[in-house]
Amino acid sequence: MNLTIIGTGFVGVVTAAVYASFGNEVIGLDIDEDKVAKLKKSKVPFYEPGLEELLKEQQQTGNLVFTTDYQEAIKNAEVIMIAVGTPSAPDGQADLRYVFASLESLAPHLAEEAIVVIKSTVPPGTLEKAREIIGQRTKVKFHLASVPEFLKEGSAVEDTLHPDRVVIGATHETVFAKLEKLHQPLKAPVVKVKPESAQMAKYAANAYLATRITFINQIADLCEKNGADIEEIVAAISPDQRIGAHYWYPGFGYGGSCFPKDVKELAAYSRSIGEGDNMFNKINDLNEDRIPRLLESFEGELDGWKDKTVAVLGLSFKPNTDDMRESPATKVIPILLSKGAKVQSYDPLANWQEFHRLENLENNHQQMKTIEDALQGAEVMMSLVEWPQIIGFDFAQAKTNQLKWFIDARNQFDPEALKKAGYHYLGLGRTS
Ligand code: UGA
């Protein structure tokens, strides 16, 4: 099948490479010349395990090419997938300007019976606007569909190759049939729904997982007060099949480019249709307040952050990615600095300076190359992300007289072993 993917961000590049690997003729289109030039040389501007290899392989077979030229990319495409960004607008709703700009640009070049699929996360009702935009610019018969994306950063290639389900939102049997055929190599259950349901399902899935994380964080906070242990609670409730064992781990709140944005958008969308009193507002507030509140409570335990040297381990929002969007570190480090602490950070991949486009790091913050360097002279150490390099590190061995406090933001370490090594251990909801 001739397939064009518009947008060479995270979802676009992974989708292009995976669909090319099924034997489709895929064109990746982006208006950013610099990005396309890099992709032509198989260079991915972000880290994602397995992606660069797959990209190179598919470019060598000739199944996958990249371009900035709309006419070339659209004229023969049977299916066009839009995977451009939908950042949040100032009122919290999704800003659809890039989706609409892509529709305007592709419309004049559409082939007869082409299917335009929106993969970007958009609110229900977007396809009507899409129909209007394209309809004003072409006379050919075209179709629209919504196929939301459920892949996770850090395992995007695997998730795209082995999805739990494929959700296709369309209104015509011919469109369902063609998109089902396109997704057949995935051997995943296909859920055929109305476009509005597909769009809503994407928000529902992310908001549900964010709610689950907020819920377990709240239970962890209660454990701090009553002597129960959150890890024992997770073990006790997870075998219930209605509850299950995934997305159930406490931390410093959810981060990344999706959960925070999608929860806020769902809250704003609810308000815009007259449902101002909705739970998504509260979930968002709880998540945003979490880090300042936790740091305040730790501050009491270690008698103030002022003049303390803190080793902050893990800058990305989760392991296996260099993405720092809404990561715990981006919130923790400015608070620590504002309270007069000195920070020595470490991450296997993420780069603080690049993320903030800083010429120099802030006074009192230095990103170190190794965990040992970050711990040098520190009194407090904080493990924010469950990178294997961090959780596999021998902190008992690294214990010094000066290094007293161990903050385990993801409950990844054995409190007893660390206490035995001489640390004052602070986890989340673990009171043993
Ligand atoms: C998320 C969804 O999981 C994907 O299904 C979805 O396609 C994607 O957003 C998207 O909308 O594009 P992602 O942002 O890559 O994927 O990250 P997750 O692995 O889901 O983690 C999100 C956040 O939740 C992280 O900060 C993580 O540390 C946190 N988390 C996750 C917890 O605090 N506890 C958990 O038990 C699980």
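**Note on the ligand site and cysteines**

1. At 34% relative accessibility, C258 is partly exposed, because that class covers values between the 20% limit for buried and the 50% limit for exposed. This is a predicted model, and the values below should be read as such.

2. C223 falls on the other side of the lower limit: its relative accessible area is 2%, so C223 is buried. For the cysteines overall, a search of the whole structure returns 0 disulfides.

3. Turning to the ligand, 19 residues surround it, and the ones that come nearest are L151, E153, K202, N206 and Y247.

4. Two side chains make polar contacts with ligand oxygen. In K202, a side-chain N or O atom is 2.6 Å from an oxygen atom of the ligand. In Y247, the corresponding distance from a side-chain N or O atom to a ligand oxygen atom is 2.7 Å. The backbone contributes as well: an N or O atom of the E149 main chain lies 3.4 Å from an oxygen atom of the ligand.

5. Taken alone, the ligand exposes 720 Å², and the protein buries 90% of that area.

6. Which elements give two or more residues to the shell around the ligand? They are helix 9 (195-226) and helix 11 (259-272). Helix 9 supplies the largest share, with 3 residues.

7. By class, the shell around the ligand consists of 10 nonpolar, 7 charged and 2 polar residues.

Definitions and conventions: Residues numbered from 1 in each chain as written. Predicted model: local features only at pLDDT ≥ 70, side-chain atom pairs only at ≥ 80, totals over all residues. Heavy atoms only, no water. Near = heavy atom within 4 Å. Polar contact = N/O pair within 3.5 Å; in protein donor to acceptor, adjacent residues only side chain to side chain. Areas by Shrake-Rupley, 256 points an atom, 1.4 Å probe, with all protein chains shown as cover. Helix = DSSP H or I, 4+ residues; strand = E, 2+ residues; numbered from the N terminus. Nonpolar A, V, L, I, M, F, W, Y, C, P; charged D, E, K, R; others polar. Disulfide = S-S within 2.5 Å. Buried < 20%, exposed > 50% of the residue type's maximum accessible area, 1.4 Å probe, protein only.
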